[in-house]
Amino acid sequence: MPVAVYPGGFDPVTNGHLDIVARAATLFDEVIVAVYPRGANDLFSLEERVAMFAEATAGMPNVRVEGFSGLVVSYARSVGATVLVRGMRAVTDFEAELDMALMNKKMAPEVESVYLITSLEHLFISASRIREIASLGHSVTDLVPPNVARALADRFGESVCG
């Protein structure tokens with residue numbers, strides 16, 4: 001089976017992200033979670049996000065987490081991956097993902113894009129929504145892994161943990 005890359009900003013990692021990577025780990029020999037810097041307004045640094053995702057996936061032996069920058073297809077080639085894994089929640093995701101997949105295919109025809117539909121219980125979860133509600137003091141403990149809830153509590157106060 002091929003090596004897959006699951007790229008994203010993961011600021012922060014959510015239970016929806018974990019669901020996608022866990023399901024991908026059953027389909028591929030190795031899944032590399034490739035965390036990229038999102039920009040100046042990142043809530044967590046690249047190093048923090050890599051560490052949080054690595055801790056959250058510690059029980060998944062064929063998953064590793066790395067930071068990267070640049071084109072995802074270049075990164076995929078550099079690690080010997082032939083598959084990009086992406087999660088989709090809604091039709092609006094499809095439009096953006098289609099454009100991205102076509103450009104990636106143009107740049108790296110040997111790299112396939114594989115899409116996993118988000119599980120129903122995680123359909124409404126997004127990292128941007130988590131950042132928003134945590135910053136407003138609402139609990140997110142049932143939406144993110146425990147280590148991420150602790151990190152959010154450190155940023156925004158204990159109310160986001162309970």
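**Close-up views of a predicted model**

**View 1. Arg86, a buried residue in a strand.** R86 has a relative accessibility of 16%, so this residue counts as buried. Please keep in mind, here and in every view below, that the model is predicted. R86 sits in strand β4, which covers residues 83–88. Which residues does R86 contact, once its neighbours within four places in sequence are left aside? They are P7, E97, M100, V114, Y115 and L116. For a sense of distance, compare N104, which lies 18 residues from R86 along the chain: the C-alpha atoms of the two are separated by 13 Å.

**View 2. The whole chain, before moving closer.** The protein chain holds six helices and five strands. Read from the N terminus on, these elements follow the order β-α-β-α-β-α-β-α-β-α-α. The C-alpha trace spans about 45 × 30 × 30 Å along its principal axes. How does the radius of gyration fit with a compact globule? A compact globule of 162 residues would have a value near 15 Å, and the protein chain has 15 Å, so the two agree. Of the 162 residues, 48% are buried. The chain also brings together residues that are well separated in sequence: among contacts between residues at least 6 apart, 71% join residues at least 24 apart. On the outside, the protein chain exposes about 8,100 Å², and carbon and sulfur atoms supply 59% of that area.

**View 3. The five-stranded sheet.** In what order do the strands lie side by side? The order is β3-β2-β1-β4-β5, in an open sheet with parallel pairing. The edges are formed by β3 (63–67) and β5 (112–117), each of which pairs on one side only. From one strand to the next, the twist averages 30 degrees. Looking at one pairing in detail, strand β2 (residues 30–35) runs parallel to β3, and five bridges join them. One residue to look for is V31, whose bridge partner in β3 is V63.

**View 4. Two helices on the sheet.** Helix α2 packs on the sheet and touches β1 (3–8), β2 and β3. The direction of α2 makes about 175 degrees with that of β3. Helix α4, made of residues 91–107, also packs on the sheet, and this helix touches β4 and β5. Between the directions of α4 and β4 the angle is about 170 degrees.

**View 5. The buried side of helix α6.** Which residues of helix α6 (residues 146–156) are buried? They are N147, V148, A149, A151, L152 and A153. A general point helps when looking along any helix: an α-helix has 3.6 residues a turn, so residues three or four places apart point the same way. The buried residues of α6 pack against two other helices, α2 (46–56) and α5 (127–135). Just after α6 comes G157, which has a positive phi, near 110 degrees.

**View 6. A salt bridge between two helices.** Side chains of opposite charge can pair when their charged atoms come close. Here the side chains of R155 and E48 form a salt bridge, with 2.9 Å from N to O. The pair links distant parts of the chain, with R155 in helix α6 and E48 in helix α2, 107 residues apart. Are these residues buried or partly exposed? R155 has a relative accessible area of 38%, so R155 is partly exposed. E48 is partly exposed as well, at 30% relative accessibility.

**View 7. More salt bridges, including a network.** How many salt bridges does a search of the whole structure find? The search finds 14. One of them joins R38 to D42, with the closest N and O atoms 3.4 Å apart. R38 counts as partly exposed because its relative accessibility is 39%. R38 and D42 also belong to a network of salt bridges that links them with D11 and R49. In another pair, R89 forms a salt bridge with D93, and their closest N and O atoms are 3.6 Å apart. The two partners fall into separate classes of exposure: R89 is partly exposed, with a relative accessible area of 33%, whereas D93 counts as buried at 17% relative accessibility. The cut-off behind this is that buried means under 20% relative accessible area.

Definitions and conventions. Residues numbered from 1 in each chain as written. Predicted model: local features only at pLDDT ≥ 70, side-chain atom pairs only at ≥ 80, totals over all residues. Heavy atoms only, no water. Helix = DSSP H or I, 4+ residues; strand = E, 2+ residues; numbered from the N terminus. Buried < 20%, exposed > 50% of the residue type's maximum accessible area, 1.4 Å probe, protein only. Contact = heavy atoms within 4.5 Å. Pairing = 2+ DSSP bridges. Axes fitted to C-alpha atoms, helices over the stretch in contact; angles between N-to-C directions. Salt bridge = Lys/Arg side-chain N within 4 Å of Asp/Glu carboxyl O. Rg over C-alpha atoms; globule rule 2.2 N^0.38 Å. Areas by Shrake-Rupley, 256 points an atom, 1.4 Å probe, with all protein chains shown as cover.
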